[in-house]
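Here are a few notes to read with the model open beside you. Take them one at a time, and find each part as you go.

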Amino acid sequence: MVHDDKTAAGKTFNHIISEKACETYFLFPGETSMGDGFRTFFYFLALAYCFIGLSAITERFFRSMEHVVQQTRTVVEIDPRNNTQRVRHEKVWNYTIADITLLAFGTSFPQISLATIDAIRNIGKLYAGGLGPGTLVGSAAFDLFPIHAVCVVVPKAGEVKKISDLGVWIVELFWSFWAYIWLYIILEVWSPNVITVWEALLTVLQFGMLLVHAYAQDKRWPLVSLPLDRSERPEEWVPAEKGIADIFSIHQGNASDSTYQHLPLSDPSDKHFDIYPESDVASIWKHQFVDALMLDSTKLRDTNNRGRVGVGWAKVFWNVIVAPWKLVFAFVPPYQIAHGWIAFICSLIFISGIAYIVTRLTDLISCVTGINSYVIAFTALAGGTSWPDLVASKIAAERQTTADSAIANITCSNSVNIYVGIGVPWLIDTVYNFIAYGEPLRIENAEGLSFSLLVFFSTSVGCISILVVRRIVFGGELGGPRVWAWVTCAYFMLLWLIFVVLSSLKVSGII
């Protein structure tokens, strides 16, 4: 009887771990002769380093997006009373649309790139790859729980930040919930375990419906918008800053440093280029490379003089680790060029490149360890590729006077993950399969994926309910009394652990 139990346990464990030799490699064929333990450690280390790179490029992406959003256009109006011209400057971007497209789409680009690469690699196969869908569903859970947990504790003690446009958030939340209900319907109800061309196409088109509905709510269009008033919203998407350097700079906003200060967030057309003596973009770009190759010896010396030697050397060690990323990302043009658009696009290109490397490393980890690819996607891959979402929401929660963009990035990223991140890759594969074979796209382990959707939906209700309670009790979703902020943080992290554990056990065949 004991022997039978052990045999059953061994078979169950084999759902997660297999013992087949892995003959694929990352850099050179000699990797296959190394021990599996060393290879696993090396690949996980490389994966973690890629996640550091994703975190770093997100800062560049966020800065470029700020310049894009702050772009203005000149409007000339004629006063009919005295026939005189009046010139005013108005923002080109609607903030709601910017939150959904630039912010949410941009920060979800690692997941979208990974899923698209996975789909392209699987073209010609009847079964869809597991990395893309698993990562996107796992990313949704990471966005909703850990990122909310971080944003809740980011504001200063006693500071409360609330959503100013509750109507827009409700619309975004509806489309976020509907995205996962829709995914469950097409996986389990309409055509179980397969995806047709029309299902994939409808999935993608719903992203456009989200944009139209959110814009209609923002503009309070009759019949299609909720009758909810908007509280006072700041004129600027982010408040102005003084002397705060970004993640790439070794200078920390030291006003005495005449050669480098924080780049202003004003529109480039305003020509406020008083950062460098030369006052031109070329010198700014050159200084990006100088910053990438320098260590902040002055700050290290100041830290050591205050008796914090360990902290100082830790910062030096961290600078050495991120130096290669800093040097590579210095090639991203300054934000002052073309209203930040070139920097924005270049940031997304770098994100795509890192996502491709992450895909390769994840395949190798699954191959060497035998761990189910869905389990890796739900955990390490989802957390790593969602790191830009976390950084962007944290920055928004810190710098904006309201909670709109921080929370909108979470809810909209979840919508983007389904409508674009899963919709586009599935559309690519379904169209190819329909033309080449006349067959739909089959989903491997669709039952496990559907179960994960149910777990996510159940736990997300608990998350949103707490946000509503915090708004009623404390006057805002983020911040408030420190004790309760940390209690909320712990609760959100518990919900995430429940999702990860239950989903991993299901796709592994244990439950």
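The points below cover the model itself, a small sheet, one helix and one residue.

1. This is a predicted model, where local features need pLDDT of at least 70, side-chain atom pairs count only at pLDDT 80 or more, and totals for chains, interfaces and linings use all residues. Residues are numbered from 1 along each chain as its sequence is written, and side-chain values use heavy atoms, leaving out hydrogens and water.

2. Start with the open, mixed sheet, whose 3 strands come in the order β3-β6-β5. β3 (127–128) and β5 (194–195) are the edges; each has a single partner strand, so one side of each lacks a neighbour in the sheet. Strands here are DSSP runs of E, at least two residues, and helices are runs of H or I, at least four, both numbered from the N terminus; two strands pair if DSSP finds at least two bridges between them.

3. Now look at β5 and β6 (residues 441–443): they run antiparallel and are joined by 2 bridges. Val194 stands opposite Arg442 in β6.

4. Next comes helix α7 (residues 197–218), with 22 residues that should span 32 Å at 1.5 Å a residue (1.5 Å times one less than the number of residues); its end C-alpha atoms are 33 Å apart, which agrees. Arg220, with a positive phi near 55°, follows α7.

5. Finally, visit Leu327 in helix α10 (residues 309–329). Is Leu327 partly exposed or buried? Leu327 is partly exposed, because its relative accessibility is 33% (buried is under 20%, exposed over 50%, partly exposed in between, with a 1.4 Å probe and protein chains only).
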